[in-house]
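Hi everyone, thanks for making time. I'd like to walk you through a structure that's new to most of you, so here it is on the screen.

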Amino acid sequence: MEEGLCNWGVFRSLLAIVQWWAFNVTVIIMNKWIFQKLDFKFPLTVSCIHFICSSIGAYVAIKLLKVKPLIAVDPEDRWKRIFPMSVVFCINIVLGNVSLRYIPVSFMQTIKSFTPATTVILQWLIWRKFFEWRIWASLVPIVGGILLTSMTELSFNMFGFLAAMFGCLATSTKTILAESLLHGYKFDSINTVYYMAPFATIILAIPALVLEGPGVILWFDSHPAILSSMIIIFGSGVLAFCLNFSIFYVIHSTTAVTFNVAGNLKVAVAVLISWLIFKNPISGLNALGCAITLVGCTFYGYVRHMISQQPAGAPRTPRTRNRTEMIPLVNEKLDDKV
């Protein structure tokens, strides 16, 4: 009996990881296909469509299907807490899509792996938070891998590179703000989308119309296959919501260490599949830089987990009251939305 339960637990974890990989990689590839193959070069509009689909999907999942109970939020808190988070959430998604518009998936995914470093640096500079030397040491291969990848990227684009880097900062800011703004609310990924996606749609709708509206109309007039293209574009929005749903499932099916390793392997899968589809040139040194970054991220996750498992002891410095203050506020399980 126990062996059967163990086998089912392993199978459930593998199923959760595979479906998470499938949704994540498919959304990334579809977004790149939209920008490159369909020539729909409007990242704000694509992001807005994703937010609309996610808003509808979260409403159906919570209100109609009752997949998760709705976490009640005071009306005042929706504007004081949820809205500021939604702004950063919106910026994060938009910058990710903007970077995909200009740089290959492999380069974008590698830069996205820089998020742990930006989170630690922001907390150290702005919040004066102390970290163990092991945390800083684990960031060295991440930074080194990013530098090597950037210097050897054959399809380098400065605008796309900056969008991806600022996307890392936005992700880190969202994570750090969540610790204070959402204090007292234990949001899961579906409730997060339920509250933030409608706000993000409102925030992004006007800039998308003003900046990209005329271009979208021109695209409609000149594109030869409107129906099939719109199915792909809105299909990417539906899959973007499914990705958030898959994150909720994988959180409850895997451990933190398993998730960290699977997340870095997922980046490798996305890089490989994108290369097979789009044939973007990758040099040997570029691939080495990507590999070093992923190994660094795995090592960082391991170090972070080891520190969190240490028994609480005497503080090491006057600024460190307990061991939890030495752990970066990076919840990788909720930072993978596209």
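Let's start with a pair of charged side chains: Arg81 and Asp77 form a salt bridge, and their closest N and O atoms are 3.7 Å apart. Before I go on, please keep in mind that this is a predicted model. So why do these two sit about one helical turn apart? Because they're 4 residues apart in helix α3, which covers residues 75–102. Their surroundings aren't quite alike, though. Arg81 is partly exposed, with a relative accessible area of 24%, while Asp77 counts as buried, at 14%.

How many salt bridges turn up in the whole structure? The search finds 4. Another of them joins Glu132 and Arg134, whose side chains meet at 2.7 Å, N to O. Glu132 is buried, at 3% relative accessibility, and Arg134 is partly exposed, at 23%.

Then there's Asp39, which pairs with Lys41, the closest N and O atoms being 3.2 Å apart. Asp39 is partly exposed at 43% relative accessibility, and Lys41 is also partly exposed, at 32%. Where's Asp39? You'll find it in the loop between α1, residues 2–36, and α2, residues 43–64. Asp39 has something else worth pointing out: its phi is near 60°, a positive value in a residue that isn't glycine. As background, most residues other than glycine have a negative phi.

Lys279 is another case, with a positive phi of about 55° although it isn't a glycine. Lys279 is in a loop too, the one between α10 and α11, where α11 is 284–309. Is Lys279 buried or exposed? It's exposed, with a relative accessible area of 55%.

Okay, let's zoom out. The chain has 11 helices and 0 strands, so if you read along the sequence you just get α after α. There are 338 residues, and 51% of them count as buried. Now look at contacts between residues at least 6 apart in sequence: 88% of those join residues at least 24 apart. As for the outside, the chain exposes about 16,200 Å², and carbon and sulfur atoms supply 72% of that.

Staying on the surface, which residues form the nonpolar patch? They're Trp33, Leu272, Ile273, Trp275, Leu276 and Ile277, with about 530 Å² of accessible area together. Helix α10, residues 256–278, gives the largest share of the patch, with 5 residues. Take Leu276, which is found in α10: it's partly exposed, with a relative accessible area of 46%.

Now for the inside. Have a look at helix α4, residues 105–112. Why do we call α4 largely enclosed by the rest of the structure? Because 7 of its 8 residues are buried. The buried ones are Val105, Ser106, Phe107, Met108, Gln109, Thr110 and Ile111.

Ile111 comes up again in the largest nonpolar core, which has 35 residues. Ile111 is among those with the most contacts inside that core, along with Ile34, Phe40, Phe114, Ile135 and Ile233. And who does Ile111 touch, leaving aside neighbours within four places in sequence? Its contacts are Ile103, Ile146, Phe161, Ala164, Met165 and Cys168. There's also a second, separate core, with 32 residues, including Ile62, Ala163, Leu181 and Met196. For context, in soluble globular proteins, nonpolar side chains tend to be buried together.

One last stop, and this time it's a serine. Ser138 lies in helix α6, residues 133–152. Why does Ser138 count as buried? Its relative accessibility is 0%, and the cut-off for buried is under 20%. The side chain of Ser138 reaches the backbone oxygen of Ile135 at 2.6 Å. Ile135, remember, is one of the residues with the most contacts inside the largest core. If we skip neighbours within four places in sequence, Ser138 is in contact with Gly296, Phe299, Tyr300 and Val303.

So, what to take home? It's a predicted model of a chain with 11 helices and 0 strands, with a largest core of 35 residues and a nonpolar patch on the surface. That's my tour, and I'm happy to go back to any part of it.

How values were computed:
Residues are numbered from 1 along each chain as its sequence is written. This is a predicted model: local features need pLDDT of at least 70, side-chain atom pairs count only at pLDDT 80 or more; totals for chains, interfaces and linings use all residues. Side-chain values use heavy atoms; hydrogens and water are left out. Buried means under 20% relative accessible area, exposed over 50%, partly exposed in between (1.4 Å probe, protein chains only). Contact means heavy atoms within 4.5 Å. Accessible areas come from the Shrake-Rupley method with a 1.4 Å probe; for residues, only the protein chains shown count as cover. A polar contact is a pair of N or O atoms within 3.5 Å; within protein, one must be able to donate a hydrogen and the other to accept it, and residues adjacent in sequence count only if both atoms are side-chain atoms. Patches are made of residues with over 30% relative accessible area and no salt bridge: like charges are joined within 9 Å, nonpolar side chains (Val, Leu, Ile, Met, Phe, Trp, Tyr) within 5 Å. A nonpolar core is a set of buried Ala, Val, Leu, Ile, Met, Phe, Trp, Tyr and Cys residues joined through side-chain atoms within 4.5 Å.
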